[in-house]
Amino acid sequence: MEQSFIMIKPDGVQRGLVGEIISRFEKKGFYLKGMKLLTVEKSLAENHYADLSAKPFFPGLVEYIISGPVVAMVWEGKNVVVTGRKIIGATNPSDSAPGTIRGDLAIEVGRNVIHGSDSIESARKEIALWFPEGLTGWQSSLHPWIYE
Ligand code: RTP
């Protein structure tokens, strides 16, 4: 089944939003397949955001991601990549709809609380990058109550 890499950024951890964010994904019906709290090495942050390395905000973005612990997660479910992005909301919280994580919990683009993979291919790469040790292979007993 489809998986997405979701990361609560340092501002989300520092502001005590971990439970709130996890709750939104859990309540939707997605399965938590991997989770760890870690302080990010600069090389990992640069690698994760390599596509943005030419952007003027790149150095600030890397400093932000390494500024404190993050919660790295893998969530699983039907259409979790696209639906996860909808739950998260637009990149700039000024444009994020109320009811989304960024729309409800953030103000500035450079402190937008959470990352979510933007495609199935990105998710595959990001999960391999952040969870080289692999994932725990549990299955939810709630499956028949979430999927027809
Ligand atoms: P993310 O990768 O973190 O989920 O964000 P995204 O796909 O919604 O947006 P992306 O364009 O990939 O940008 C990655 C992160 O860079 C920061 N950013 N700052 N100062 C700026 O103009 C600016 N633009 C983007 C944000 O933290 C964004 O989430």
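**Close-up views of a predicted model**

**Figure 1. Overall fold of the protein chain.** Residues 24 or more positions apart account for 78% of the contacts with a separation of 6 or more in the protein chain. The model is predicted. Its secondary structure comes to 8 helices and 4 strands. Read from the N terminus, the elements follow the order β-α-α-β-α-α-β-α-α-β-α-α. Along the principal axes, the C-alpha atoms fill a box of roughly 45 × 35 × 25 Å. The radius of gyration is 15 Å, which agrees with the value near 15 Å for a compact globule of 148 residues. Of these 148 residues, 46% are buried.

**Figure 2. The largest pocket.** This pocket holds about 720 Å³ of space. Its lining is made of 27 residues, and those closest to the pocket centre are H48, Y49, L52, H115 and E126. Four elements are labelled here, α3 (42-48), α4 (58-65), β4 (114-116) and α7 (120-130), each of which gives two or more residues to the lining. Helix α7 gives the most, with 5 residues.

**Figure 3. Chemical character of the pocket lining.** How do the residues of the lining divide into nonpolar, polar and charged? The lining of the largest pocket has 8 nonpolar, 10 polar and 9 charged residues.

**Figure 4. The salt bridge between E133 and K36.** The structure holds 6 salt bridges. In one of them, the side chains of E133 and K36 meet, with an N to O distance of 2.9 Å. E133 lies in the loop between α7 and α8 (143-146), while K36 belongs to strand β2 (residues 31-38), so this pair ties together parts that are 97 residues apart in sequence. Is each partner buried, partly exposed or exposed? E133 has 53% relative accessibility and counts as exposed. K36 is partly exposed, with a relative accessible area of 21%. The cut-offs matter for both labels: buried means under 20% and exposed means over 50%.

**Figure 5. The salt bridge between E63 and K42.** The closest N and O atoms of E63 and K42 are 4.0 Å apart, and the two residues form a salt bridge. The cut-off applied is within 4 Å. Which elements does the pair tie together? E63 lies in helix α4 and K42 in helix α3, so the bridge ties together parts that are 21 residues apart in sequence. E63 is partly exposed, its relative accessible area being 43%. K42 also counts as partly exposed, at 42% relative accessibility. Both helices, α3 and α4, give two or more residues to the lining of the largest pocket.

**Figure 6. A salt bridge within helix α7, and a salt-bridge network.** E121 forms a salt bridge with R124, and their closest N and O atoms are 2.7 Å apart. Where do the partners sit in the helix? Both are in α7, 3 residues apart, so about one helical turn separates them. E121 is partly exposed, with a relative accessible area of 39%. A second view shows E20, R24 and D104, which salt bridges with shared partners join into one network. Helix α7 also appears in the pocket view, where this helix gives the most to the lining.

Key
Residues numbered from 1 in each chain as written. Predicted model: local features only at pLDDT ≥ 70, side-chain atom pairs only at ≥ 80, totals over all residues. Heavy atoms only, no water. 1 Å grid on protein atoms, 1.4 Å probe; cavity = no way out; pocket = protein on both sides within 12 Å on 5 of 7 lines; lining within 4 Å. Points joined across faces, edges and corners; volume = space filled by probe spheres on them. Nonpolar A, V, L, I, M, F, W, Y, C, P; charged D, E, K, R; others polar. Buried < 20%, exposed > 50% of the residue type's maximum accessible area, 1.4 Å probe, protein only. Rg over C-alpha atoms; globule rule 2.2 N^0.38 Å. Contact = heavy atoms within 4.5 Å.
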